Amino acid sequence: MLASPTLSASRAHADPWTALDAELDRWRAAGRTATFWWRDDDATAPGPALDRLLGLASRYDAPVGLAVIPKDATEALADRLAASANVGVLQHGWAHANHAGPGEKKMELGDHRPASLVADELRAGFDRLSALFGSRFLPALVPPWNRIGSALGPHLAEIGFAGLSLFGARAQRLRDGLVLANTHVDPIAWRDDRGFTGTNAALAALIGHLSDRRGGLVDPDEATGLLTHHLAHDEATWSFLERCLEALASHSAARLLPADTVFDAADP
Ligand SMILES: [Zn+2]
């Protein structure tokens, strides 16, 4: 049975990729550039999933901020990344170990332990990533599970961090003297089956942040952050990521920024 014209039209309108293009068209019509950035978490070593991620970064000329777990980071990862032009390394906590109590949300960098002890771990991680990755390491902290306690704040700049990345629209640009550049779209259903959330849900988050920026409901200058986890992707998540990179690369009002740009204190 053929669908009625009305139904076809409403289906076309409901296509979330069309809706993304339409939102980007609104940015272009307003003479504005919709900025994005891409963060991928939990890297420690090279492997097929990382190769696939770096392949996409290369194919779409897409810069990626790779959040590396310092304690487990390998020389082999440094060797692998040395050949990739599009990768900036961020610090993903220290060991990605949970120190929250049972029933609490997972946190490595919470206020469960003395701040000076947590700061010592972060300093060791900072030194280790500096030694392994050299100038490819950007002094930006990505707390595991996107959570950080308040007591650690005063230590971060002293360790050498200039940037911090969590999840959700930032309330202000600076926190404890660090530039906050968050992520806003996570296509993995962590609390469900750890599969793909679905195109509708993922793009609703993406388009929602863009629309809120355009309308001034959130900081319009915070780049919309796409968060991925290469070790956890199913095929549907990989497909979404590729289509998303393709959509951004093919729209003149969209610009995917390198991680060093989003954490640049001089960039308003
Ligand atoms: Zn993580």
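# Close-up views of the zinc site and selected residues

His 92 counts as buried, at 1% relative accessibility (buried is under 20% relative accessible area, exposed over 50%, and partly exposed in between, with a 1.4 Å probe and protein chains only). The model shown is predicted, so that local features need a pLDDT of at least 70 and side-chain atom pairs count only at pLDDT 80 or more, while totals for chains, interfaces and linings use all residues. Residues are numbered from 1 along each chain as its sequence is written, and side-chain values use heavy atoms, with hydrogens and water left out.

**View A. The zinc ion and its protein donors.** The zinc ion has as protein donors Asp 42 through OD, His 92 through NE2 and His 96 through NE2, which lie 2.1 Å from the ion. Donors are N, O and S atoms within 2.8 Å of the metal (3.2 Å for Na, K and Ca); water is not among the atoms, so sites may look incomplete. Along the chain, the donors of the zinc ion follow the spacing D-x49-H-x3-H. Asp 42 and His 92 link distant parts of the chain, being 50 residues apart: Asp 42 belongs to strand 1 (residues 34-43), and His 92 to the loop between strand 3 (87-91) and helix 5 (115-133). Helices (H or I, at least four residues) and strands (E, at least two) are DSSP runs numbered from the N terminus. Asp 42 is buried, its relative accessible area being 19%.

**View B. Backbone at His 96.** His 96 is found in the loop between strand 3 and helix 5. Its phi is near 55 degrees, a positive value in a residue other than glycine. Most residues other than glycine have a negative phi. His 96 counts as partly exposed, with 22% relative accessibility.

**View C. Ala 67 in strand 2.** Strand 2 (residues 64-68) contains Ala 67, which is buried at 0% relative accessibility. Ala 67 and Asp 41 are separated by 26 residues in sequence and by 4.6 Å in space, C-alpha to C-alpha. Leaving aside residues up to four places away in sequence, Ala 67 touches Asp 40, Asp 41, Asp 42, Ala 43, Leu 90, His 92 and Val 142, where contact means heavy atoms within 4.5 Å. Two of the zinc donors, Asp 42 and His 92, are thus included among these contacts of Ala 67.

**View D. Leu 53 in helix 3.** Leu 53 is located in helix 3 (residues 48-59) and is buried, at 0% relative accessibility. Its C-alpha atom is 9.5 Å from that of Thr 228, a residue 175 positions away along the chain. With residues up to four places away in sequence not counted, Leu 53 touches Trp 38, Asp 40, Leu 66, Thr 228, His 230, Trp 238 and Leu 241.

**View E. Trp 238 in helix 8.** Helix 8 (residues 235-249) holds Trp 238, a buried residue with a relative accessible area of 6%. Outside the residues up to four places away in sequence, the contacts of Trp 238 are Ala 49, Arg 52, Leu 53, Leu 56, His 230 and His 233. The C-alpha atoms of Trp 238 and Asp 221 are 28 Å apart, with their positions 17 residues apart along the chain.

**View F. Two exposed loop residues, Arg 194 and Gly 177.** Arg 194 occupies the loop between strand 7 (178-180) and helix 7 (199-214). Although not a glycine, Arg 194 has a positive phi of about 65 degrees, and its relative accessibility is 51%. Gly 177 is found in the loop between strand 6 (174-175) and strand 7, with a relative accessibility of 61%. The C-alpha atoms of Gly 177 and Leu 166, 11 residues apart along the chain, are separated by 15 Å.

**Context for the views. The protein chain as a whole.** The secondary structure of the protein chain comprises nine helices and nine strands. Its radius of gyration is 19 Å, close to the 18 Å given by the globule rule for 268 residues, so the chain is as compact as a globular protein of that length. The radius is taken over C-alpha atoms, and the globule rule is 2.2 Å times the number of residues to the power 0.38. Of the 268 residues in the protein chain, 48% are buried. Among contacts in the chain with a separation of 6 or more, 68% are between residues 24 or more positions apart.
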